[in-house]
Amino acid sequence: QVQLVESGGGLVQPGGSLRLSCAASGSIFSIHGMGWYRQAPGKERELVATISRSGSTNYADSVKGRSSISRDDAKNTVDLQMNSLKPEDTAVYYCTAEATSTPYSSATYLYWGQGTQVTVSS
């Protein structure tokens, strides 16, 4: 099994910046795609950004140009740098990882973290 733990959330003023981090641990053979989702109260969970093993990235239109996702395969971590934050960025942010637990199977599973709260307010 794989566990994901997010950190770095908190309260920030509009226009400010925040860096979210996520560390994977447990039984891991390899990690493929990684990403971040968010969910605001009363709204559906939405994709924020993803990054592949090759480093290819994809961003939601709402954060494109002011956010950056990165990963460190040696540490099994993925980060999300967010700049020029807006009140509408307020949500619980979740990290995800597609992982294979053993070298004897090609099966991959999508794992989710517990989430970290980001609040943008003056």
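Helices, as H or I runs of at least four residues, and strands, as E runs of at least two, are taken from DSSP and numbered from the N terminus. On this basis the chain of the predicted model contains zero helices and 11 strands, and its elements, read from the N terminus on, run β-β-β-β-β-β-β-β-β-β-β. The radius of gyration of the chain is 14 Å, close to the 14 Å that the globule rule gives for 122 residues, so the chain is as compact as a globular protein of that length. Taken along the principal axes, the box filled by the C-alpha atoms has dimensions of roughly 50 × 25 × 25 Å.

Of the 122 residues of the chain, 39% count as buried, and the accessible surface comes to about 6600 Å², with 46% of this area belonging to carbon and sulfur atoms. Among the contacts in the chain with a separation of 6 or more, 57% are accounted for by residues 24 or more positions apart.

Four of the strands form an open sheet, in which the order is β1-β3-β8-β7 and the pairing is antiparallel. The edges of this sheet are provided by β1, covering residues 2-7, and by β7, covering residues 67-72, each of which pairs on one side only. On average, and with direction ignored, neighbouring strands of the sheet are turned by 15° against each other. Within this arrangement, β1 pairs in the antiparallel sense with β3, the strand of residues 18-26, over six bridges; for Glu 6, the bridge partner in β3 is Cys 22.

A search of the whole structure for aromatic pairs finds one. This pair is formed by Tyr 37 and Trp 112, with a separation of 5.0 Å centre to centre and an angle of 50° between the planes, and it is classed as tilted; the class follows because planes under 30 degrees apart count as stacked and those over 60 as edge-to-face, the rest being tilted. Since Tyr 37 lies in strand β4 and Trp 112 in strand β10, which comprises residues 109-112, the pair ties together parts that are 75 residues apart in sequence. With regard to solvent, Tyr 37 is partly exposed, its relative accessible area being 23%, and Trp 112 likewise counts as partly exposed, at a relative accessibility of 32%.

Strand β4, which spans residues 30-39, also contains Ser 30. The relative accessible area of Ser 30 is 15%, and this residue is therefore buried, given that the term applies under 20%. When residues up to four places away in sequence are not counted, Ser 30 touches Glu 98, Ala 99 and Thr 100.

A further buried position is found at Ala 40, which is placed in the loop between β4 and β5, the latter strand covering residues 46-51. The relative accessible area of Ala 40 is 18%, so that this residue too is buried. With residues up to four places away in sequence again left out of the count, the residues touched by Ala 40 are Thr 90 and Ala 91. In addition, the C-alpha atoms of Ala 40 and Asp 89 are separated by 8.3 Å, although these two residues are 49 residues apart along the chain.

Conventions
Residues numbered from 1 in each chain as written. Predicted model: local features only at pLDDT ≥ 70, side-chain atom pairs only at ≥ 80, totals over all residues. Heavy atoms only, no water. Pairing = 2+ DSSP bridges. Axes fitted to C-alpha atoms, helices over the stretch in contact; angles between N-to-C directions. Buried < 20%, exposed > 50% of the residue type's maximum accessible area, 1.4 Å probe, protein only. Contact = heavy atoms within 4.5 Å. Rg over C-alpha atoms; globule rule 2.2 N^0.38 Å. Areas by Shrake-Rupley, 256 points an atom, 1.4 Å probe, with all protein chains shown as cover. Phe/Tyr/Trp six-rings, centres within 6.5 Å; stacked < 30°, edge-to-face > 60°.
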